[in-house]
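Here are a few short exercises to work through with the model in view. Try each task yourself, then check the solution below it.

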Amino acid sequence: MRLKDFFIPTQREIPSEAEVISHNLMLRAGFIMQVAAGIYNYLPAGLKIIRNVENIVRQCMNEAGAIELLMPSVIPSELWKESGRWSKYGKELLRIKDRHNREFCFGPTHEEVITDIVRKYIKSYKQLPINLYQIQTKFRDEIRPRFGLMRCREFIMKDAYSFDIDEEQCKLSYKKMFDAYCKIFDRMGLVYKVVEADTGAIGGNVSHEFMVIADTGEDTIIYCEACGYAANLEKAAVKYIEISEQKDREMPLEKVITPQMKTVKDVAVYLNVDESKVVKTLILKCGEKFYALLIRGDYELNLIKLKNTITGEMPEFATADEIKKITSGPMGFSGPIGLKIPIYADYSIKGLINFVTGANEKDGHFKNVNLGRDFEVCGFYDLRNAVEGDICINCGAAYKSAKGIEVGHIFMLGTKYSESMGAYFRDANGSLKPFIMGCYGIGIGRIVAASIEQNHDEKGIIWPIQISPFEVIIIPVNTNDPYVIEYSNRLYNSLKKLDIRVLIDDREERAGVKFNDADLVGYPIRVNIGKKSLENNELEVIIRKSNIMTKVNVEDAADTINTVICELKK
């Protein structure tokens with residue numbers, strides 16, 4: 001491809017809407033253009049990267065035995081109502097109506113559609129297992145789309161769905177996808193961790209996320225270097241460590257005035273105690289039921305753990321009016337003493353004595369509060385976010401943490417969709433059994449953004465060669481020299497014959513402009529061809545990742561560049 005005939009609209013200025021490095025560089029390098037919040041045009045070079053990612057994903061999925069198909073983006077509501085998700089999915093589901101006033105949604109995921117296909121065509125255990133996948137555009141109406149392709153509303157996703165006769169066979173399908181995902185991300189040169197994850201709205205009971213490690217990641221990963229345990233913040237378990245404080249040191253309960261002291265930090269400073277001695281009382285609701293949750297002041301409540309252990313559904317924080325009605329006090333001063341609703345506590349306050357809580361009245365707190373003497377709880381649970389330094393539940397070593405970008409998520413769904421939608425097959429005995437399902441998603445655009453977050457410098461992007469829009473860019477330095485142009489074209493044609501993805505910058509621009517654009521766009525290999533070098537029968541080959549420049553003999557240039565490409569792909 002010749003750059004004069006291509007379209008890469010690079011720009012020097014940092015776009016005002018850019019929030020993270022990948023967003024900034026994709027806009028400046030001419031890969032994407034925003035149409036609306038969370039919705040983007042993929043410009044030609046950006047589309048090439050997307051297609052390269054898709055091809056790696058497709059190759060690895062096919063190698064794992066999955067079969068590609070394509071389902072519609074617009075889905076009739078009847079299928080979602082069968083599964084029960086039409087009323088449960090929330091505002092992220094884009095609901096639309098056609099001219100006949102029939103309800104549809106723009107699919108954010110396709111469990112219902114694939115289950116409908118399989119229940120119509122797969123009738124016997126002899127047809128199983130089967131794994132069907134697609135690469136297609138999805139839409140989720142994010143409340144706050146941001147960070148470019150990392151959290152957008154319209155996005156390209158690979159979603160696969162396995163159907164098996166029993167849990168043992170499903171575990172084998174799950175393992176195949178697990179291994180295929182590792183192969184995909186390894187081939188793309190990404191540094192990632194596989195972490196245990198919550199299944200969320202998709203359902204099921206086993207789930208793993210594939211997280212690309214990056215400082216700008218939205219997700220926090222908790223991991224143990226000693227035993228390899230890793231989980232996202234929603235899932236990471238906290239080991240209960242018994243507190244050794246002695247009960248005989250309990251002090252008399254004391255009410256204190258704390259004017260306008262609503263936050264844990266404010267109260268701790270005002271009363272000259274550590275934040276760990278201030279216990280937060282959080283009022284939450286699930287449906288018509290209200291709960292009080294107690295957690296140490298220096299920790300954060302984990303709503304996913306609360307849902308999985310106590311409420312069964314995702315709880316919400318009570319409003320100020322609801323808190324006033326339940327506690328008789330304003331928001332910010334709630335405490336457990338005298339509450340008439342169920343009280344649950346995080347392990348972090350088990351054994352804690354003489355702590356501080358709200359007094360359920362304006363500007364009031366209690367000092368020297370103690371469990372058992374002053375109030376009772378219904379039970380203790382792991383309800384908080386894990387933090388770096390917590391003890392690993394498997395081996396007792398200390399957790400570490402890192403930031404990550406989720407690029408893949410796999411689930412063992414069980415029979416959630418097959419049972420609700422009447423999807424059955426006949427087993428070897430002729431009995432009807434529900435399919436055991438798994439689902440497996442990869443965010444194509446997120447991979448592109450995550451790769452940039454891991455691979456960039458002050459000049460621009462440093463693409464792994466496997467997904468770069470072009471492997472090589474040839475830059476004729478002296479565009480007014482006939483021999484430079486003639487040799488550049490000759491090398492360009494030689495590389496094309498070797499099936500190398502090559503671009504020649506044949507614009508009438510200064511060499512410095514071409515070099516800057518090449519570094520910004522991030523081509524893995526840059527070839528500089530200048531008059532002086534050719535006089536010495538040489539040209540310059542620069543590796544973008546290492547910034548190493550090598551002088552190469554013009555006669556051997558094509559073979560040398562091909563060898564370098566092979567090395568970079570290892």
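**Exercise 1.** Are Phe-163 and Phe-435 buried or exposed?

*Solution.* Before we start: this is a predicted model, where local features need pLDDT of at least 70 and side-chain atom pairs count only at pLDDT 80 or more, while totals for chains, interfaces and linings use all residues. Residues are numbered from 1 along each chain as its sequence is written, and side-chain values use heavy atoms, with hydrogens and water left out.

Step 1: know the scale. Buried means under 20% relative accessible area, exposed over 50%, and partly exposed in between (1.4 Å probe, protein chains only).
Step 2: apply it. Phe-163 and Phe-435 are both buried.

**Exercise 2.** Find the aromatic pairs in the whole structure, and work out what kind Phe-163 and Phe-435 make.

*Solution.* Step 1: get the rule. Rings of Phe, Tyr and Trp (its six-membered ring) pair if their centres lie within 6.5 Å; planes under 30 degrees apart count as stacked, over 60 as edge-to-face and the rest as tilted.
Step 2: search the whole structure, and you get 19 aromatic pairs.
Step 3: look at Phe-163 and Phe-435, whose centres are 5.7 Å apart with 90° between the planes, an edge-to-face pair.
Step 4: place them. Phe-163 is in strand β8 (residues 154–164) and Phe-435 is in the loop between β23 (432–434) and β24 (436–443), so this pair ties together parts 272 residues apart in sequence. Helices (H or I, at least four residues) and strands (E, at least two) are DSSP runs, numbered from the N terminus.

**Exercise 3.** Which residues form one aromatic cluster with Tyr-192 and Phe-210?

*Solution.* Step 1: the other members are Phe-178, Tyr-181 and Phe-185.
Step 2: check how buried the two named residues are. Tyr-192 has a relative accessible area of 19% and is buried; Phe-210, at 0%, is buried too.

**Exercise 4.** Locate the charged ends that sit over the rings of Trp-86 and Phe-515.

*Solution.* Step 1: the test is that NZ of Lys or CZ of Arg is within 6 Å of the ring centre and within 35 degrees of the ring normal.
Step 2: over Trp-86 you'll find Arg-95, 5.0 Å from the ring centre.
Step 3: over Phe-515 you'll find Arg-526, 4.4 Å from the ring centre.

**Exercise 5.** In what order do the five strands of the open sheet run?

*Solution.* Step 1: two strands pair if DSSP finds at least two bridges between them.
Step 2: follow the pairing, which is mixed, and you get β28-β27-β29-β30-β31.
Step 3: spot the edges, β28 (502–504) and β31 (548–553), each pairing on one side only.
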